Amino acid sequence: MKSLCVPIQDTQEFIKELEKQGELKRVKTEVDPDLEIAEILRREMYSNGPAVLFENVKGHSMPVLGNAFGSMRRLEIGLEMTDFTEIGQRITDMTKMDMPSGILNKIKKLPELSKMTASFPKLESSGLVTEMTSKDASFDDLPIIKSWPNDAGRFITLGLIATKHPETGVRNLGVYRMQIIDKTHASMHWQKHKRGANHGDISKDRGEKIPTAIIFGGEPATVFSSIAPVPEGLDKYLFAGITRKEGIKTVKCKTIDLEVPANAEIVLEGYVDPEDIRDEGPFGDHTGYYTPVEPYPTFTLTGIMRRKNPVYVTTVVGKPILEDAYIGKVIERSFLPLVQMFHPEVVDFSMPAAGWFQGFAVISIKKRYPGQAKKVMMGLWGMGQLALTKMFVVVDEDINVHDMDDVIWAITTRADAARDTIIINNTPTDTLDPASPLVNLGSKMGIDATQKTKEEGYMREIQQQVKVDEKTKNLVDSRWSDYGL
């Protein structure tokens, strides 16, 4: 693996590193961006296959990269770490940092303060992405794919959508799909609860269009940061720097007032007009269902910046488990320290990929008082994007939240349906939830699968768990090789 002292700088460097470690295959046969690329990628994703670089794309000279983040190993390579909780820990460490008083204490704190400032983005006059610029841009110049037969058309699926808060100037990156309408227009599917949509709503109230950039590629940490649900008010470019322990380089766009990553492959510049609303969809989504036709605002393309020989980065979604599941698992691990900062009783946290991450979560806690499991549920439903999670199961610390057999055992032996299940009606839901009775509005379910106490109305004697005694365990351990098993 690359030296941890020098983070991966761009997508093409990432491709070389993946190939060096046997995590990438090149396809030289001509492939069609209309359905064929997507089906190849799905087969590779479902079979735990490698990243794929399509070098001969019908109608285009630009290669297409897919499944680049489709395994924990590839994410370890891209983010250059194996313990993703480090990311959240860096943020919590910053929040706990006391500002020193007195010259001696300030000197002692310099190493810690320098680590923090090293994560800030750095504005450059030029970068890899400014090698070629033009105001004459067209979506037709890019090998944008169609993923499913009933999709409404071609969709951008891994474009990093850059906006900034119209009032505070805090920058955001999000991954919102975009349906191509014509050469210079595309629907912007930023859901109601997403930060980009909030920026759009504020602009609409001010009677303004919102400058928007679509970024393809860049440092793996920047791609990850665009998907991560960071705390409100935290600049996504700063979060990327925190993730990689080195600030990213940015450049100014040519036709709009935004900064974008200098090492991106391609940047499409333009604006979203909140008054220009058009139908978007259907689209085969990560729930495993087509999302129906719905109205969304329109992006207008005003310019392009790109490398001389860029790579177009894409992904496909559908019924889990596909590439997005692995990115979700890293988000889960990296945000555990932040969850624990607000809820110190939390031991571990899991959002199984089969529940498309927004549908189901399991939390283990160190229980100290009656009703604590429900307290944790309520608290987590009030934390950012966790407000959209449909179902929480809370278990004791002896349960492995990543082992569904263990979780099911806890539910069936420690939860009573009437006593330990709570239903909350008329709450926000994920826009893509195919089961909610209304778009964006449905219900929540919580299951308290912790061991109950008398204070919680459990009047029976707590049954003793069956466990091997230490003497027998040690005996069998010491003689295991003798058994010939």
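## Exercises on burial, contacts and cores

Tyrosine 483 counts as partly exposed because its relative accessibility is 32%, where buried means under 20% relative accessible area, exposed over 50%, and partly exposed in between (1.4 Å probe, protein chains only). The model is predicted, so local features need pLDDT of at least 70 and side-chain atom pairs count only at pLDDT 80 or more, while totals for chains, interfaces and linings use all residues. Residues are numbered from 1 along each chain as its sequence is written, and side-chain values use heavy atoms, with hydrogens and water left out.

**Exercise 1.** Place tyrosine 483 in the chain and name the surface patch to which it belongs.

Solution. Start with the chain: tyrosine 483 is found in the segment that follows α13 (470–479), with helices (H or I, at least four residues) and strands (E, at least two) taken as DSSP runs numbered from the N terminus. Then turn to the surface, where Tyr483 forms a nonpolar patch with Trp480 and Leu485, and together they have about 370 Å² of accessible area. Such areas come from the Shrake-Rupley method with a 1.4 Å probe, and for residues only the protein chains shown count as cover. Patches are made of residues with over 30% relative accessible area and no salt bridge, like charges being joined within 9 Å and nonpolar side chains (Val, Leu, Ile, Met, Phe, Trp, Tyr) within 5 Å; a salt bridge is a side-chain nitrogen of Lys or Arg within 4 Å of a carboxyl oxygen of Asp or Glu.

**Exercise 2.** Explain why helix α7 is described as largely enclosed, and follow phenylalanine 224 into the core.

Solution. First, helix α7 (residues 220–227) is largely enclosed by the rest of the structure because seven of its eight residues are buried. These buried residues are Pro220, Ala221, Thr222, Val223, Phe224, Ser225 and Ser226. Next, the largest nonpolar core has 53 residues, of which Ile215, Phe224, Phe239, Val260 and Val267 touch the most other members; a nonpolar core is a set of buried Ala, Val, Leu, Ile, Met, Phe, Trp, Tyr and Cys residues joined through side-chain atoms within 4.5 Å. Helix α9 (residues 323–342) supplies the largest share of this core, six residues. Apart from this core lies another, of 36 residues, including Met45, Leu142, Ile156 and Phe216. Finally, when neighbours within four places in sequence are left aside, phenylalanine 224 is in contact (heavy atoms within 4.5 Å) with Leu79, Ile87, Phe239, Thr243, Ile327, Val330, Ile331 and Ser334.

**Exercise 3.** Is leucine 18 buried or exposed, and which residues does leucine 18 touch?

Solution. Begin with its place, which is in helix α1 (residues 11–20). Leucine 18 is buried, its relative accessible area being 0%. Not counting residues up to four places away in sequence, leucine 18 touches Glu23, Leu24, Ala51, Ala68, Arg74 and Ile77.

**Exercise 4.** Find how lysine 194 is placed with respect to glutamine 385.

Solution. Lysine 194 lies in the loop between β10 (185–188) and α6 (195–205), and with a relative accessible area of 21% this lysine is partly exposed. Although lysine 194 and glutamine 385 are 191 residues apart along the chain, their C-alpha atoms are separated by 8.4 Å. Leaving aside neighbours within four places in sequence, lysine 194 is in contact with Tyr176 and Gln385.
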